[in-house]
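Thanks for coming. I will talk through one structure, and I would ask you to keep it open on your screens while I do.

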Amino acid sequence: MLPQVSTLPNPQSPAADQGLDERGRVLTWLKSPLGVALLAAVLLGVLAAAGRADPQWSAGAALLVLALGVGAGWRLERRSSATAAFRLRPDDPPTPPPDEVQTYVLALELAPNPVLLVSAEDADDIAGRRVVFANAEARELLRIEREGALLVTALRDPDLLEAIDEALFGHIPQVLSYEARGAQERFWRVWTKPLPPNARHARLALVIMRDETDTRRNERMRADFLANASHELRTPLASLTGFIETLRGHARDDATARERFLLIMSRQAERMARLIDDLLSLSRIELNEHIRPGGHCDLSLAVADVLDALAPQIAVKHVRLELDLVSSGAAEIVGDRDQIVQVVQNLLDNAVKYAPDGGVVRVSVTRDLTLESATASRPDDVRQIAPGGGRMPLLTPARNGAARYALLRVDDGGPGMAREHLPRLTERFYRVEGQKSGERSGTGLGLAIVKHIVNRHMGGFYVESAPDHGAAFSIYLPMTSRSMQLAEAGPRVAASHEPRAA
Amino acid sequence: MSMNEHTLKFFGEELGQLKAEVARMGGVAEAQVADAIEAIARRDVALAEDVVGRDRRLDGMQHDIEKKAIRIISLRQPVAQDLRRTVSALKMSSILERTGDYAKNIAKRGLIIADAEPLSALTRSIERMGRLVSGRLKDALDAYTNAELDRAMDVWRNDEEVDEHYNSLFRELLTYMIGDPRMINACAHLLFVAKNLERIGDYATNIAEIVHYEVTGEEIVGDRPKWSGVSGPVEPEL
């Protein structure tokens with residue numbers, strides 16, 4: 001057997017005819033008893049390897065590999081070695097050797113892109129379109145739980161269903177974009193391709209998806225950043241220009257006025273710098289929002305660290321802290337430590353800012369809560385019955401039965417807000433009337449940042465508030481399994497920080 | 001006996017088919033709502049016209065589902081869960097058809113607003129509310145197609161979020177209208193868009209109720225979490 005490698009069709013031979021001829025042979029092979037026997041062998045081989053892969057998917061996967069093998073058989077070059085996967089000799093069936101099929105199945109299973117194989121019967125029968133194979137990515141993304149699931153329970157988008165139909169019934173391949181809505185928007189590029197029929201399925205289509213969320217977000221972030229930056233920087237810039245003109249003009253020789261103006265100008269410049277920092281940080285967070293965080297972080301420790309950093313502000317305002325934290329290690333959550341610290345920082349910073357001079361800020365960390373108990377209202381909370389008060393979810397995570405949450409609640413004891421403001425608190429630059437940004441020196445992005453980080457961490461966020469009864473912000477985040485296994489939380493840290501001397 | 005088994009199996013397939021058709025119809029309604037919101041947000045006249053034109057498809061689908069469901073009820077006389085599944089499909093198709101009507105109405109208003117001066121701040125608020133409502137519709141339909149009680153109950157419980165967005169938008173629109181009477185026309189249309197979105201959010205809640213009924217055979221008992229006191233726009237009782 002001489003190695004005869006040829007990737008291009010020989011110009012002297014009728015290439016098209018040869019291709020058709022081979023296709024005919026492939027089909028006869030698949031229908032022949034030998035084909036059935038081989039198919040059984042392949043399935044057995046795959047099922048034997050079921051220790052690694054989910055058995056109910058393996059059968060579908062084997063079929064897909066066979067189908068791909070049939071397709072690839074026409075194209076792949078012939079190799080000389082005995083282990084060649086695809087052969088072009090007429091008497092060799094163009095299929096991967098049975099002992100290698102499990103490798104190919106595993107390769108598809110592990111592919112980073114969602115891959116689906118859809119079968120169909122009649123064009124009219126929408127329930128006849130079934131998912132006969134889906135790899136791990138596809139199963140997770142589309143929440144497909146079993147082989148042979150109805151296609152419409154996995155994908156409902158009319159354009160996408162139409163494209164799959166064209167592959168199934170019109171043998172037309174297509175490329176289209178698909179947007180998965182919901183709390184975590186994802187953008188996909190989807191390829192739909194017809195596949196040759198096999199022994200079990202008369203009509204087959206291949207669906208391959210590629211995540212383009214990054215690209216789309218990048219585009220949108222850039223546009224949003226420019227719009228926000230140019231709009232929000234205009235006001236402080238105008239005031240700076242005004243002061244410069246005054247300093248050049250009639251205040252030129254007035255030393256007291258000059259000092260005062262320079263002080264205001266430096267504050268404005270600081271605010272502009274903070275604004276740019278926050279905008280950049282928000283852009284970065286949004287870019288990674290669909291990527292699940294690794295790592296872990298202890299919520300109680302994060303609170304303690306942030307409180308240390310905030311000590312000067314706390315002291316200046318004579319704010320008293322009432323802490324009720326579970327011991328370290330008991331409320332460990334899955335997450336990016338830097339981002340969690342940023343969340344805690346923004347919440348505590350706001351609480352200190354809005355607390356009255358000499359007021360009390362209450363901070364608590366609780367653990368091992370179900371979704372229900374994490375979002376439950378406290379019956380003794382006066383804000384539930386106060387006029388114009390209540391509780392407003394700002395972000396609710398998708399249900400995950402196994403998850404237990406750790407909850408951080410920060411209650412500022414400040415002026416509180418009327419309910420009409422609550423749903424809009426996480427909007428960028430949203431201002432609650434009567435609370436001037438100048439005296440509070442916020443950028444209007446703090447809570448937006450909190451929301452995006454918590455969303456990335458599959459957590460939730462809500463506010464309880466009523467005018468004159470303060471505002472309490474709560475975030476809850478999934479705990480690590482290590483921390484969940486701790487049966488009892490250690491002694492709670494209940495303390496009352498007295499302000500240090502300013 | 002074997003005849004009987006055959007009939008049973010075939011009946012199960014018929015019910016599966018009905019559910020698949022409702023799921024597909026749900027996908028179309030979802031896309032109509034999302035496109036209508038996008039047409040408003042981007043002032044996209046062509047997209048708005050598409051939405052208006054595609055509404056017929058939903059009407060046709062509802063008609064088909066109704067016919068099939070009635071056929072099943074009259075020929076198979078289903079009982080227990082089979083009956084609930086059939087009735088749920090009937091209810092779903094009518095809810096989805098009306099959802100589509102609201103999407104069409106939003107798109108039509110989008111055509112009018114596109115002629116007026118852009119009101120970016122307001123359309124951004126509408127877009128935010130629209131995303132929220134789209135997400136709820138998606139969750140409700142996911143719960144329906146997979147008969148997931150937990151997911152349905154989550155949708156049902158978090159109804160207040162949409163209502164609060166509506167109340168907040170209502171106030172925002174009033175402020176604009178008082179501030180500049182030239183904006184009253186466009187703002188009035190946006191007000192109806194917000195109201196339509198709030199209705200679509202209510203339908204998502206209704207879908208959650210249907211899922212609960214289909215799976216458990218019981219109505220949801222208890223009150224949805226609501227705000228204490230009234231400070232939103234007062235609505236006349238029907």
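Let me start with a question: are H4(B) and H6(B) roughly parallel or roughly antiparallel to each other? A word of caution before the answer: this is a predicted model.

Helix H4 of chain B covers residues 120–145, and helix H6 of chain B covers residues 160–179. Their axes come within 11 Å and cross at roughly 165 degrees. An angle over 145 degrees counts as roughly antiparallel, and H4(B) and H6(B) are therefore roughly antiparallel to each other. Their crossing is left-handed. On the H4(B) side, the contact is made by Leu122(B), Ser125(B), Met129(B), Leu132(B), Val133(B) and Arg136(B). H6(B) brings a longer list, including His165(B), Tyr166(B), Leu169(B) and Tyr176(B). By class, the residues of this contact divide into nine nonpolar, two polar and three charged.

Now the rest of chain B. There are seven helices in this chain and zero strands, so to read chain B along its sequence is to read α-α-α-α-α-α-α. The chain has 238 residues, of which 45% are buried. Take the contacts in chain B between residues at least 6 apart in sequence: 83% of them join residues at least 24 apart.

Next, the nonpolar cores. The largest one has 99 residues. Which residues touch the most other members of it? They are Val118(A), Ala140(B), Leu190(B) and Ile207(B), and you will notice that the list names residues from chain A and from chain B. Helix H1 of chain B, residues 2–42, gives the largest share of this core, with 15 residues. Apart from this core lies another, of 61 residues. Among its members are Ile285(A), Leu301(A), Val365(A) and Ala406(A). As general background, nonpolar side chains tend to be buried together in soluble globular proteins.

To go back to Leu190(B) for a moment, this residue touches Ile113(B), Leu122(B), Ile126(B) and Leu173(B), if we do not count residues up to four places away in sequence. Two of those names came up earlier or belong to the same contact: Leu122(B) on the H4(B) side and Leu173(B) on the H6(B) side.

How do the two chains meet? On the chain B side, 33 residues are in contact with 29 residues of chain A. H1, H4, H5 (149–157) and H6 of chain B each supply at least two residues of that side. H1(B) gives the largest share, 13 residues. By class, the side of chain B that touches chain A has seven nonpolar, 15 polar and eleven charged residues.

That brings us to chain A. Chain A has 15 helices and 15 strands. It runs to 502 residues, and 38% of these count as buried. Among its contacts between residues at least 6 apart in sequence, 73% join residues at least 24 apart.

One helix pair in chain A is worth a look. Helix H11, residues 337–354, and helix H14, residues 446–456, have axes that come within 9 Å and cross at roughly 145 degrees. H11(A) passes H14(A) in a left-handed crossing. From H11(A), the residues that meet H14(A) include Gln339(A), Val343(A) and Leu347(A). From H14(A), they include Gly446(A), Ile449(A) and Ile453(A). The residues of this contact divide into six nonpolar, five polar and no charged.

I will end with two single residues of chain A. Thr192(A) lies in strand E5, residues 186–195. Is Thr192(A) buried or exposed? The cut-off for buried is 20 or more other C-beta atoms within 10 Å, and Thr192(A) has 25, so Thr192(A) is buried. Leaving aside neighbours within four places in sequence, its contacts include Ala163(A), Ile164(A), Pro173(A) and Val207(A). Its C-alpha atom is separated by 11 Å from that of Asp159(A), 33 residues apart along the chain.

The other is Met458(A), in the loop between H14 and strand E13 (460–465) of chain A. Met458(A) has 19 other C-beta atoms within 10 Å and is partly exposed. Outside four places in sequence, Met458(A) is in contact with Pro397(A), Asn400(A) and Pro478(A). Met458(A) and Ala134(A) are 324 residues apart in sequence and 25 Å apart in space, C-alpha to C-alpha.

How values were computed: Residues are numbered from 1 along each chain as its sequence is written. Chains are lettered from A and ligands numbered from 1 in the order in which they are written. This is a predicted model: local features need pLDDT of at least 70, side-chain atom pairs count only at pLDDT 80 or more; totals for chains, interfaces and linings use all residues. Axes are lines fitted to C-alpha atoms, for helices over the stretch in contact, and angles run from 0 to 180 degrees between N-to-C directions. Helices (H or I, at least four residues) and strands (E, at least two) are DSSP runs, numbered from the N terminus. Angles under 35 degrees count as roughly parallel, over 145 as roughly antiparallel, 65 to 115 as roughly perpendicular and the rest as oblique. A crossing is left-handed if the near helix is turned anticlockwise from the far one by less than a right angle, and right-handed if clockwise. Two residues are in contact if their C-beta atoms, placed from the backbone, lie within 7 Å. Ala, Val, Leu, Ile, Met, Phe, Trp, Tyr, Cys and Pro count as nonpolar, Asp, Glu, Lys and Arg as charged, and the others, Gly among them, as polar. A nonpolar core is a set of buried Ala, Val, Leu, Ile, Met, Phe, Trp, Tyr and Cys residues joined through C-beta atoms within 7 Å. A residue is buried if 20 or more other C-beta atoms lie within 10 Å of its own, exposed if 12 or fewer, and partly exposed in between; C-beta atoms are placed from the backbone.
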